[in-house]
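Please find below a colleague's note on the model under review. The points are numbered for ease of reply.

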Amino acid sequence: MRYRILLPLVALAAIGLALVLKGGDIVARGYMNEAEVQAGTTLRLAVSALDGHLKRYEALPALIADQNNIEALIFDPKNQGLRARTNAYLKEINALLKSSDIYVMTMEGETIAASNYDSPVSFVGENFIYRPYFLEAAKGRQSRFYALGTTSLKRGYYFGSPIEIDGIIYGVIVFKVDIDSIEASWSGGDDRIFVSDPEGIIFMTGSPEWLYASILPLTPDRIARTEASRRYADAKLRELPVRRGTFADRNVMTIADGGVAKEYLVVSQPMPEAGWTVNVLMDTSSVHKQATTTIVAVLLMLCLAGLAIAIFMQRRARLDERMQLQAEARNELERRVAERTADLARVNSRIEEEIAERRLTEQRLRQTQADLIQAGKLAGLGQMSAALSHELNQPLAAAKTYAETTGVLIDLGRTEEARDNVKRISALIDRMASISKHLRNFARKPNEKLGPVALDDVMRDTLEIVAARLKAADAELEIEIDPAVKAVKAGAVRLQQVLVNIITNAADAVEGLDDRRITVSAAVHGDKVMVSVRDRGPGVAAAIRERIFDPFFTTKGVGKGLGLGLSISYNIVKDFGGSLSVADHPEGGAVFMIELDVADGNLLEAAE
């Protein structure tokens, strides 16, 4: 009888020993699988958030590099006016896009404009030729780089793009993106999330004490490569006390954090485009506890089973009571399993909700991008319509005046003069057709060739257009053209457009004043011809001088101007290879200066 009781107990002891030796590893692998799935989900969310944050800015440097003011500044980096306008433009774009910094560099690496030009840590004047993002962009490639700023001492991700004009690279534009908001979302959780570079140095982390620590040995080669690019400026690098190993067939990492060593399950995913690796560390202490608890529970069940058998063999009378105790033990175990299953179901439900919310956010982003594109198209259409109306009003007014005069001359029998007026009306109609043909120059450069243009002929045609406006303003036009000025490199009709716009604005400025003289002068300065139009009006305030050539900017009252004349004139003169500027005259009034090239001998021979 005693042997029959001992045999089952010995068998149960053998099973318990085997469970401790082998079962513990099996149970631990099961819980590690669950932990790895959970850590993988956290990793995917972190990588997706990082990738989405960076892709918002990936295409922006190439788009901004094509802006006219950026191209103008890269051609003339010493022009203080262009610098001021470009700095203000970059600051406005930086605030709109919520990036960290935007700056423009020459091919020598010198920063000539930056969104933080007015801050204590301005990049203007700094040289970043040693940065990999500059070297890559200078070769004509879109570049990406992450580093600690040497000037601002602020971490960021850099997107570089070449400023390429007609196939030639003249400079580099760089976007710096702030990553603090992504990093802040990682702190306070159960898992440790950090981003490491190819040298193993931690660049982003939800644990500030790990920042700039290396999970790999800091060998001289790694330190040399890091210092060559000055990726972390003067930050002090150190090695994180790491000991690697395995647990339940999984790679684990033991880190002495604050004097306490903790073991973590390591799950990593590289981001090749960004050049870094995202890592999630999950504390394995809970896995150890769960595995231990499970083994203890199973051993307890075996002990209960052995005890039940012994009691069954000794005391059959208490069989029902012992069976009831076993049933209760099984129910308790099932309840715990059910609770664990419910917890996992809730976690999965929250993950699915987060995924659904992210998809909805992406859908809204695509819709917003589509709306912005459509708004840009409508704005361009409105600007072109307004420009056409503005440029045709002046010739139409002159043609109306000639038509009314022609009727009077016919009634008086002065047919020759009436015929001359009809010819003038026909010329104005040709001018309007030419304006319509060339109006596309407001958006892009024309395809026609430039040639020699005589200023005397252009001024004579201009007077026909502005005569009615000068008479209405009771203004006196003085023309002082140096006889040495033979011809300039331009287009006759479009140069006439420029003079008509500027003289008409001068008539508006002097209307109602005591001195209503307007002086148009031209003189040769080396290989340039300087044409100036001076009025005796109130002048141009310094506050609006920088914006006077912007589209739709006007100082006139509502309904008296569209703010397009000077903007169109500025682009026309720029197409000629010249420049248009404005200044105040020392004796009062404003002076608009048009600088054009003298027509060389080849152009004159071609014209003949």
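The points below treat the overall make-up, the nonpolar cores, one helix pair, one enclosed helix, one strand residue and selected backbone angles.

1. Overall make-up. The model is predicted. The protein has 608 residues, of which 39% are buried. Its secondary structure comprises 15 helices and 20 strands. Among contacts with a separation of 6 or more, 62% join residues 24 or more positions apart.

2. The largest nonpolar core. In soluble globular proteins, nonpolar side chains tend to be buried together. The largest nonpolar core here has 56 residues, and the members that touch the most others are Leu50, Val104, Trp186, Met204, Trp276 and Val278. Helix H1, residues 2-58, is the element that gives the most to this core, contributing 10 residues.

3. Surroundings of Val278. With neighbours within four places in sequence set aside, Val278 is in contact with Leu43, Ala46, Val47 and Leu50, among others. Further partners of Val278 include Phe194 and Val195, together with Val267, Ser268, Gln269 and Met271. Leu50 thus appears both as a contact of Val278 and among the residues of the core that touch the most other members.

4. A separate core. Apart from the largest core there lies another, of 48 residues. Ile502, Val510, Ile548 and Phe592 are among the members of this other core.

5. The pair H3 and H4. Two packed helices are described by the angle between their axes and the distance between the axes. For helix H3 (residues 68-75) and helix H4 (residues 80-97), the axes come within 10 Å and cross at roughly 140 degrees. H3 is therefore oblique to H4. The handedness of this crossing is left-handed. On the H3 side, the contact is made by Asn69, Ile70, Ala72 and Leu73, and on the H4 side by Leu82, Arg83, Thr86, Tyr89 and Leu90. By type, the residues of this contact divide into 6 nonpolar, 2 polar and 1 charged.

6. Helix H14. How many of the 11 residues of H14 are buried? The number is 8, so this helix (residues 565-575) is largely enclosed by the rest of the structure. The buried residues are Gly565, Leu566, Ser567, Ile568, Ser569, Asn571, Ile572 and Val573. Just after H14, Gly577 takes a positive phi of about 90 degrees.

7. Val531 in strand S18. Val531 belongs to strand S18, residues 528-535. Its relative accessibility is 5%, and Val531 therefore counts as buried. Not counting residues up to four places away in sequence, Val531 touches Leu455, Leu499, Ser521, Ala522, Phe592, Met593 and Ile594. Phe592, one of these partners, is also a member of the 48-residue core. The C-alpha atoms of Val531 and Glu595 are separated by 6.4 Å, although the two residues are 64 residues apart along the chain.

8. Positive phi at two aspartates. Most residues other than glycine have a negative phi, and most peptide bonds are trans. Asp166, which is not a glycine, has a positive phi of about 55 degrees. Asp166 is placed in the loop between strand S4 (155-165) and strand S5 (168-177). With 76% relative accessibility, Asp166 counts as exposed. Asp474, likewise not a glycine, has a positive phi of about 55 degrees. The loop that holds Asp474 runs between helix H11 (455-473) and strand S15 (476-481).

Methods. Residues are numbered from 1 along each chain as its sequence is written. This is a predicted model: local features need pLDDT of at least 70, side-chain atom pairs count only at pLDDT 80 or more; totals for chains, interfaces and linings use all residues. Side-chain values use heavy atoms; hydrogens and water are left out. Axes are lines fitted to C-alpha atoms, for helices over the stretch in contact, and angles run from 0 to 180 degrees between N-to-C directions. Helices (H or I, at least four residues) and strands (E, at least two) are DSSP runs, numbered from the N terminus. Angles under 35 degrees count as roughly parallel, over 145 as roughly antiparallel, 65 to 115 as roughly perpendicular and the rest as oblique. A crossing is left-handed if the near helix is turned anticlockwise from the far one by less than a right angle, and right-handed if clockwise. Contact means heavy atoms within 4.5 Å. Ala, Val, Leu, Ile, Met, Phe, Trp, Tyr, Cys and Pro count as nonpolar, Asp, Glu, Lys and Arg as charged, and the others, Gly among them, as polar. A nonpolar core is a set of buried Ala, Val, Leu, Ile, Met, Phe, Trp, Tyr and Cys residues joined through side-chain atoms within 4.5 Å. Buried means under 20% relative accessible area, exposed over 50%, partly exposed in between (1.4 Å probe, protein chains only).
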